[in-house]
Amino acid sequence: MPASSTARAAPFVWGVSTSSYQIEGGVDLDGRGPSIWDGYCRVPGRIGNDDTGDVACDHYRRWPEDVALMKDLGVGAYRFSVAWPRVLPDGKGPLNPKGLAFYDRLTDALLEAGIEPWVCLYHWDLPQGLQETGGWIARDTAGRFADYATVVARRLSDRVTRFATFNESGVFLIFGFLLGGQAPGIRDLTAYHAAIHHVNLAHGLGVDAIRAQAPRALIGDIHNIQPVLPETPGRAEDEAAAATFGAYWNAACPDPRFLGHYPAVVHAGVERFVRPGDMAAICRPVDWLGINHYSPIYAKGDAAAPLGFAWGAAPADAPKSGIGWPIFPDAFRTTLLDAHRRYGLPIYVTENGMGHDDVLADGACRDPYRSEYLGLYVDAMGRAVAEGADVRGYFAWSLLDNFEWGAGYANRFGLVYMDYPTGTRVPKDSFRWFADRIRRGWSGR
Ligand code: FCB
């Protein structure tokens with residue numbers, strides 16, 4: 001971004017994001033313990049093609065290639081997550097020095113390449129040992145998260161100045177505990193409400209734990225925020241469903257963390273788990289808000305559903321990505337503006353990207369649709385900035401094609417094509433497009 005176009009001291013941050021379970025593989029290497037995703041993937045029929053993250057991109061062994069790719073891309077920052085079960089194989093108790101050393105090496109190599117490490121502590125791979133004592137349904141897990149945050153921050157804070165507590169709490173909670181489709185695979189309204197509150201508490205305790213180890217670090221929290229729209233506008237059941245779904249999806253975690261209270265409809269469900277002092281413990285000062293955004297989502301009324309809402313369909317004529325997600329860049333602009341007004345925190349777009357069933361032909365991956373999508377969304381972000389949203393960075397999802405949760409390896413989001421049988425990485429055309437856009441800045445000039 002041209003320095004003259006802004007009074008801000010820090011330059012705009014361009015980056016890419018990944019997460020541990022989606023890329024690392026090496027699930028049995030160097031003392032890593034099992035995570036809830038290892039077990040979840042073992043049940044036939046849950047994941048597309050019955051894929052697992054056992055090997056994924058083999059990043060645990062091939063990470064030097066990935067750092068080199070990022071250097072070539074020209075990003076200034078890399079957001080990755082630490083696998084809790086690599087560091088504390090059972091979730092608590094003895095530390096695994098080899099697991100922690102992996103993130104040490106990665107951090108050093110990034111810094112040497114001129115890339116700032118952004119460390120996210122939780123991108124969904126809870127240690128299985130903690131699941132066995134109740135996982136997020138158990139209040140005690142919040143304290144275990146703070147202990148884990150202490151260990152990681154103590155080790156990395158001499159070199160890492162950006163930490164995030166959680167990735168998309170609202171998403172793993174709703175799919176993991178209410179709707180199904182993600183680990184730990186529970187569908188129970190009471191469990192869902194307990195887990196919401198305990199993850200929020202873990203965030204607040206985690207912020208304090210990181211701050212105690214790394215007083216100069218900039219601590220953030222990452223949420224997937226997107227408009228929840230009624231499947232049939234004007235239909236009362238769908239309008240009500242969209243409002244409830246939106247309160248849970250978009251606000252059940254950020255509101256208590258940044259504003260100090262739950263949305264009314266969520267409060268009614270979580271109230272029984274809230275103890276005196278909890279809201280103050282959850283609402284701790286943070287330095288930035290990460291927003292992940294791909295598209296709006298749709299809701300429809302469903303009287304049989306526990307909270308009265310179900311997934312709705314996007315309009316049939318909406319433009320869609322290769323995996324069927326609606327393309328609606330203006331919803332990104334309004335999301336950034338709304339989040340800016342609601343929370344008043346500096347914003348970093350920590351994920352945005354396009355999923356497609358890409359193919360490799362003659363050694364190349366031609367993906368003009370992805371460059372077009374990214375261009376539309378970066379332009380929409382530029383409009384939000386021009387209208388006053390305090391957006392300070394943009395991270396594309398993702399560096400590499402990777403294990404896309406329930407879809408397995410079928411949905412490709414990478415700027416780099418993964419040839420899974422060989423582990424070969426092939427930069428797609430969109431990689432070159434993004435490298436060029438980074439040079440030109442978000443305004444495109
Ligand atoms: C987000 C997740 C990320 C990835 C993208 C496509 O919700 O944070 O891990 O799966 O979607």
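The points below comment on the fold, the aromatic contacts and the nonpolar cores of this structure, which is a predicted model.

1. **The barrel.** The strands β1-β2-β3-β4-β5-β7-β10-β11 form a closed barrel of 8 strands with parallel pairing. From one strand to the next, the twist averages 25 degrees. On one part of its circuit, strand β7 (residues 288-292) pairs with strand β10 (residues 347-351) in the parallel sense over 4 bridges, and here L289 stands opposite I347 in β10.

2. **Strand β4 and its partners.** Strand β4 is paired in the parallel sense with β3 over 4 bridges, and likewise with strand β5 (residues 218-224) in the parallel sense over 4 bridges. For a reader who wants to find the register on screen, W118 stands opposite R162 in β4, while F163 stands opposite I219 in β5. Of the 6 residues of β4, 6 are buried, so this strand is largely enclosed by the rest of the structure. Helix α8 (residues 169-179) lies across β3, β4 and β5 and runs at about 25 degrees to β4.

3. **The open sheet.** A sheet of 3 strands, in the order β6-β8-β9, is open and has mixed pairing. Its edges are β6 (228-230) and β9 (309-311), each of which has a single partner strand, so one side of each is left without a neighbour in the sheet. Neighbouring strands of this sheet are turned against each other by 45 degrees on average, direction ignored. Strand β8 (residues 297-301) pairs with β9 in the antiparallel sense over 3 bridges, and the bridge partner of A299 in β9 is W311. Helix α10 (residues 236-251) lies across β6, β8 and β9, and it runs at about 130 degrees to β8.

4. **An aromatic pair between two barrel strands.** The structure holds 47 aromatic pairs, one of which is formed by Y122 and F166. The centres of these two rings are 5.2 Å apart and their planes stand at 50 degrees, an angle that falls between the limits of 30 and 60 degrees, so the pair is tilted. Because Y122 lies in strand β3 (residues 116-122) and F166 in strand β4 (residues 162-167), the pair ties together parts that are 44 residues apart in sequence. Both Y122 and F166 are buried.

5. **A second tilted pair, between loops.** W124 and W405 also form an aromatic pair that is tilted, with 4.6 Å from centre to centre and 35 degrees between the planes. This pair links distant parts of the chain, since W124 is in the loop between β3 and α6 (128-131) and W405 is in the loop between β11 (391-397) and β12 (416-419), 281 residues apart. W124 is buried, with a relative accessible area of 5%, and W405 is buried as well, with a relative accessible area of 6%. Both belong to a cluster in which ring pairs link Y21, W37, Y40, W124, F403, W405, Y409 and Y420.

6. **The nonpolar cores.** The largest nonpolar core has 135 residues, and those with the most contacts inside it are W37, W136, M381 and F434. Helix α9 (residues 189-213) supplies the largest share of this core, 10 residues. Neighbours within four places in sequence aside, W37 is in contact with Y21, I47, W124, D125, G181, Q182, A183, F403 and W405; among these, Y21, W124, F403 and W405 are also members of the ring cluster that contains W37. A second core, separate from the largest, has 9 residues, including A77, A164, W288 and Y348. As general background, nonpolar side chains tend to be buried together in soluble globular proteins.

7. **Two further local details.** The charged end of R86 sits over the ring of Y60, at 4.0 Å from its centre. D108 lies in helix α5 (residues 97-112) and, at 38% relative accessibility, counts as partly exposed. The C-alpha atoms of D108 and L156 are separated by 9.8 Å, although these residues are 48 residues apart along the chain.

Note on methods: Residues are numbered from 1 along each chain as its sequence is written. This is a predicted model: local features need pLDDT of at least 70, side-chain atom pairs count only at pLDDT 80 or more; totals for chains, interfaces and linings use all residues. Side-chain values use heavy atoms; hydrogens and water are left out. Two strands pair if DSSP finds at least two bridges between them. Helices (H or I, at least four residues) and strands (E, at least two) are DSSP runs, numbered from the N terminus. Axes are lines fitted to C-alpha atoms, for helices over the stretch in contact, and angles run from 0 to 180 degrees between N-to-C directions. Contact means heavy atoms within 4.5 Å. Rings of Phe, Tyr and Trp (its six-membered ring) pair if their centres lie within 6.5 Å; planes under 30 degrees apart count as stacked, over 60 as edge-to-face and the rest as tilted. Buried means under 20% relative accessible area, exposed over 50%, partly exposed in between (1.4 Å probe, protein chains only). A charge sits over a ring if NZ of Lys or CZ of Arg is within 6 Å of the ring centre and within 35 degrees of the ring normal. A nonpolar core is a set of buried Ala, Val, Leu, Ile, Met, Phe, Trp, Tyr and Cys residues joined through side-chain atoms within 4.5 Å.
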